[in-house]
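Reader: Hi, can you walk me through this one? Short answers, please.

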Amino acid sequence: MDKKTAGLVDGARRAIYIQLGSQSQLAERAINGNCLIVAYPDAPHDDIIKHGGGDDAVIDGINSLPSVSSKDKGVLRDFYTERKAIWITFWDMRLWWTFAKGGVTAQPDAIEGELKRRGTTGWSCESLRGDMLYLHNIGGVFKIGKGTMRPVHGVPENDESRFSYLRNLILGEKTLGRTNDEVEKAKVMISRLDGNQLEWFTEVLFNEMEERRVSPVGGTQKDIDMVMEKGNRTLTFIQVKGRGNVGNWAQFVRLAYRFHKTAAGESRRVKFCFVYNESPPKSQGNLDLSGLAAFTKRIQRGEIRGAKMDAEHQGFYADNLRAVKLFEKGESKVSVQSLGREELARMAVKHGLSDWLRKRVG
């Protein structure tokens, strides 16, 4: 292990994701050239350094740019002045990381306008212990979304934080070193799963409960991700979401309600299960039938900001309440259940799936 680089990683308190060009088309040039690259045609390099090359002068130059948004000015300030952060990007199915060094230069580019370049200590897609940092082994921790640059939030002392996970991945150290309780460990690991991994985990979990998938991968209907079967006794329809908001839960309950009204000939027990990778949203109440009923009534009373009630919406939420009432009384042909991160973690430990999670995102 390179002790100097390990010291930089260990001492870092920030990390920044940089998208190297639209669709990362500048990534190969940047990685092979050991540099960071951004393109801001409306932020000429000469205007940024017009007051001088020191950090304060550069920041003054950036702040004085007339046609650049506040968000983009923040990007440029980090690009020009940040010296201690870990920089990461995604390319070629791997996570790459480096540290910035030196000043910024710029040159015209036929496609991007003006490319601003800054040197690096050299890009790597391996941990300091030599493990390849494949994206499919990292999960959905770094949900970057759109944008040229984004911070990776968190602190090293918190196993649940994205920054702690990234730092320990690069160091090649345990990423659950501060979490002792097995359920809490499973909860942290589940939080790291991306959408495909969460669906895979859900299938494995239901397999442990002797349910087998009967729907083709990618071949189920829009609102259902998989259908599981337990012998000839039980049929389970499952929807998997990254986030568990009341809107998703309401649509899922209405789907189960439609099945109740149309599947009178189904002789097996039918279950609908909503799986989501979050703890229950406190501001909206738990994702259960009573929570959905309370939230729906608040919308109808106009207590939820922006919920303007027209005839169509009134009918929608009235149907929700009818469905909830039916399910709460146990008078439906189907049952509905929601499984958030905490419940999934308890089930993972109970059914011996901690090692399965650890091999992927632990």
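Author: Sure, one term to start. Helices (H or I, at least four residues) and strands (E, at least two) are DSSP runs, numbered from the N terminus. K185 is found in one of them, helix α7.

Reader: And where do the numbers come from?

Author: This is a predicted model, where local features need pLDDT of at least 70, side-chain atom pairs count only at pLDDT 80 or more, and totals for chains, interfaces and linings use all residues. Residues are numbered from 1 along each chain as its sequence is written, and side-chain values use heavy atoms, with hydrogens and water left out.

Reader: Back to K185. Buried or exposed?

Author: K185 counts as buried, because its relative accessibility is 18%. Buried means under 20% relative accessible area, exposed over 50%, partly exposed in between (1.4 Å probe, protein chains only).

Reader: What does K185 touch?

Author: L176, T179, N180 and R358, leaving out residues up to four places away in sequence. Contact means heavy atoms within 4.5 Å.

Reader: How many residues of α7 are buried?

Author: 7 of the 10, so α7 is largely enclosed by the rest of the structure. Among them are M189 and I190. The buried residues pack against α8 (195-208), α12 and α13 (354-361).

Reader: What caps the N-terminal end of α7?

Author: D181 does. One of its side-chain oxygens lies 3.1 Å from the backbone nitrogen of V183. A polar contact is a pair of N or O atoms within 3.5 Å; within protein, one must be able to donate a hydrogen and the other to accept it, and residues adjacent in sequence count only if both atoms are side-chain atoms.

Reader: Now α12. At what angle do α7 and α12 pack?

Author: About 120°, with the axes 8 Å apart. α7 covers residues 182-191 and α12 covers 341-350. Axes are lines fitted to C-alpha atoms, for helices over the stretch in contact, and angles run from 0 to 180 degrees between N-to-C directions.

Reader: Which residues meet there?

Author: On the α7 side, they include V183, A186 and I190. On the α12 side, they include L344, A345 and V349.

Reader: New topic: where does S215 lie?

Author: In the loop between β8 (212-213) and β9 (226-230). S215 counts as buried, because its relative accessibility is 11%. Its side chain reaches the backbone nitrogen of V227 at 2.9 Å.

Reader: How far apart are S215 and K241?

Author: 26 residues in sequence, and 18 Å in space, C-alpha to C-alpha.
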